[in-house]
Amino acid sequence: MKKTALVTGGSRGIGAAVVRKLCLDGFRVAINYNLSEQRANDLCSELCSEGFEVIALKCDVSSPDEVKRLFAEINKAFGGIDVLVNNAGISLWGLFDETTDAQWNEVIDINLKGTFNCCREALAYMLSEKQGRIINISSVWGQTGASCEAVYSASKAGIIGLTKALAKEYAPSNITVNCVSPGVIETDMMNRFSTEEKEAICEDIPFGRMGTPEEVASAVSFFASEQACYITGQVLGVNGGLV
Ligand code: NDP
């Protein structure tokens, strides 16, 4: 029987590439979206017309109640979940000393607490099945820290700590927990930068270019695959040699 994967923030960018790759890998996929309903439904229709089993479900991952409802809907449609990809995230750019409480809360609530909310719900099912894969999307800035992205860096470093702890706690239950840590990837998240700024960023990347969402999706696909069954608690950088 086909296994089921959930990709949070799956309507666009890296998430959409992960959704497509996991479909090609043979998974039934639940696409989670929050604001991008049209894009989620378009992607869902496109993949269904290609013969893949896909559903699109709205949920703000920062809300524990909405996440509970999301998992109940997936359970009803597909009967549980085998692979969770915590991809939903937002960035924040600005001086740390000018950061407001509301900005801190929003980034931590979506990036870190959203990951916590989804891991907790997924684990309830995975534990009963004694198998599962959790793949968290961190960031190179969670590994190295980035100037003017302190809150974002903290949220992504938190995801790495959470990943390593969960890997140890749930390895005895045959559940792996790993991180994919992208470098600079060409998505909507980079729209705030001008062409000149993007060129300057690329000068610091040994590959001399940004990565693509598909290149990140390949790493996620690996952690979800049988080949990765004995790998847990790891952080796999997809960064063109940046770190
Ligand atoms: P995008 O800005 O293109 O997409 C962000 C995604 O997150 C959207 O699908 C959005 O869904 C979803 N999202 C945001 N808030 C919520 C929420 N509250 N609940 C559910 N979904 C939400 O970003 P990328 O594709 O570039 O980023 C994907 C992940 O990769 C993020 O975690 C990001 O931090 C990480 N990353 C990205 C890098 C890059 O250079 N692009 C580098 C390193 C890491 P919707 O539109 O429906 O609200």
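Helices (H or I, at least four residues) and strands (E, at least two) are runs assigned by DSSP and numbered from the N terminus. With that in hand, Cys-148 can be placed in the loop between α5 (140–144) and α6 (150–170). The model is a predicted one, so local features need pLDDT of at least 70 and side-chain atom pairs count only at pLDDT 80 or more, while totals for chains, interfaces and linings use all residues. Residues are numbered from 1 along each chain as its sequence is written, and side-chain values use heavy atoms, with hydrogens and water left out.

Back to Cys-148 for a moment. This residue has a positive phi of about 65° although it is not a glycine. Its relative accessibility is 22%, so Cys-148 counts as partly exposed; the label covers the range between buried (under 20% relative accessible area) and exposed (over 50%), using a 1.4 Å probe and protein chains only. Lys-130 is another non-glycine with a positive phi, here about 55°. Lys-130 sits in the loop between α4 and β5, just after α4.

Next come two of the helices. Helix α4 takes in residues 101–129, which makes 29 residues, and its first and last C-alpha atoms are 40 Å apart, close to the expected 42 Å. That expected span is 1.5 Å times one less than the number of residues in the helix. Helix α4 also bends by about 40° at Asp-109, where the bend is the angle between axes fitted to the seven residues ending there and the seven starting there. Arg-120 belongs to α4 as well. With a relative accessible area of 41%, Arg-120 is partly exposed. Its C-alpha atom is 9.4 Å from that of Lys-68, although the two residues are 52 apart along the chain.

Helix α1 has 12 residues and reaches 17 Å from its first C-alpha to its last, close to the 16 Å expected. Its buried residues include Ile-14, Ala-17, Val-18, Leu-22 and Cys-23. Just after α1, Gly-26 takes a positive phi of about 105°.

What about the inside of the protein? A nonpolar core is a set of buried Ala, Val, Leu, Ile, Met, Phe, Trp, Tyr and Cys residues joined through side-chain atoms within 4.5 Å. The largest one here has 34 residues, and those with the most contacts inside it are Val-18, Leu-22, Ile-31, Val-85, Ile-135 and Val-180. Elements giving two or more residues to this core include the strands β1 (4–7), β2 (28–33) and β5 (132–137), along with helix α8 (213–224). The largest share, seven residues, comes from α1. Another core, of 25 residues, lies apart from this one, with Cys-59, Leu-123, Tyr-170 and Ile-175 among them.

Val-180 touches, among others, Ile-135, Val-216, Phe-223 and Leu-236, leaving out residues up to four places away in sequence; contact means heavy atoms within 4.5 Å. Asn-136, in strand β5, is also in the list of residues that Val-180 touches. Its relative accessibility is 0%, so Asn-136 counts as buried. The side chains of Asn-136 and Thr-163 are joined by a polar contact of 3.0 Å. A polar contact is a pair of N or O atoms within 3.5 Å; within protein, one must be able to donate a hydrogen and the other to accept it, and residues adjacent in sequence count only if both atoms are side-chain atoms.

Asn-32 is found in strand β2. At 2% relative accessibility, Asn-32 counts as buried too. Its side chain reaches the backbone nitrogen of Gly-9 at 3.0 Å, and a polar atom of that side chain lies 3.4 Å from the backbone oxygen of Leu-57.

Gly-9 turns up again at the ligand: one of its backbone N or O atoms lies 3.0 Å from a ligand oxygen. In total, 31 residues surround the ligand, and the closest are Asn-34, Ser-36, Asn-87, Tyr-152 and Thr-187; a residue counts as near a molecule if one of its heavy atoms lies within 4 Å of it. An N or O atom in the side chain of Lys-156 is 2.8 Å from an oxygen atom of the ligand. For Ile-185, a polar backbone atom is 2.8 Å from a ligand oxygen. Tyr-152 is also one of the residues touched by Ser-91, which lies in the loop between β4 and α4. A polar contact of 2.8 Å joins the side chains of Ser-91 and Arg-192.
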